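Student: I am new to this structure and would like a close look at a single part of it. Could you walk me through the nonpolar core and what lies around it?

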Amino acid sequence: HAKYPVSRLKLLVSPSRRPPDGSRVFCMRRLNEGQVELIEDNGHLGCGFIPKSLLEEVLGKSEGVQRVSEVAKRVFAIQVRIIGPTSVGVCKGVLFVRDGIEKIQVPSSMIKVKQSKTEPLHDDIVLNVHQCFPWK
């Protein structure tokens, strides 16, 4: 469909949220391939999962902040863009907190652009937090 290339490019320039702790940095983190895994879709269309510890690290422990804010502790889901050209491709969706996992779990329904088949220049993955639920 003709609208898809434009809408997929827009995912790369989605704005980031600032952490609820009031710091000036944005909720964006570089991840390695070992922190993300692809899972089968099992009725949770567009929704994946994130360990609470990683969520608190992304939202509450920004540079120079040693504690997790009370607001970050209450967040149960984040709307994200995940960009990993050679590992996960470009993903869009919501990650819900799930106990008992150690990696971000991305179902196939979150993948909007498939991973590249070319030789990677790097294997970085970027997690961009677009929205938090609840925010305040």
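Tutor: Happy to: we will begin with one helix residue, go on to the core, and end at a patch on the surface. Please keep in mind that this is a predicted model.

Let's start at Leu54, which sits in helix 2, the stretch made of residues 52-60. Leu54 counts as buried because its relative accessibility is 7%, and the cut-off for buried is under 20%. Setting aside residues up to four places away in sequence, Leu54 touches Gln35 and Ile104. Along the chain, Leu54 and Lys103 are 49 residues apart, yet 8.4 Å separates their C-alpha atoms.

Ile104 leads us on to the largest nonpolar core, where it is among the residues with the most contacts inside that core. The others named with it are Leu59, Ile78, Ile82, Leu95 and Leu127, and the core has 23 residues. At least two residues of this core come from each of helix 2, strand 4 (77-84), strand 5 (89-97), strand 6 (104-107) and strand 8 (125-133). In soluble globular proteins, nonpolar side chains tend to be buried together.

Now look at Leu127. Beyond its neighbours within four places in sequence, its contacts include Cys27, Met28, Leu31, Val58, Val80, Ile82, Leu95 and Ile104, as well as Arg29 and Arg81.

Finally, turn to Phe133, which is found in strand 8. Phe133 counts as partly exposed because its relative accessibility is 32%. Together with Phe76 and Phe96, Phe133 makes a nonpolar surface patch of about 260 Å².

Notes
Residues numbered from 1 in each chain as written. Predicted model: local features only at pLDDT ≥ 70, side-chain atom pairs only at ≥ 80, totals over all residues. Heavy atoms only, no water. Helix = DSSP H or I, 4+ residues; strand = E, 2+ residues; numbered from the N terminus. Buried < 20%, exposed > 50% of the residue type's maximum accessible area, 1.4 Å probe, protein only. Contact = heavy atoms within 4.5 Å. Core = buried A, V, L, I, M, F, W, Y, C linked by side-chain atoms within 4.5 Å. Patch = residues over 30% accessible without salt bridge, like charges linked within 9 Å, V, L, I, M, F, W, Y side chains within 5 Å. Areas by Shrake-Rupley, 256 points an atom, 1.4 Å probe, with all protein chains shown as cover. Salt bridge = Lys/Arg side-chain N within 4 Å of Asp/Glu carboxyl O.
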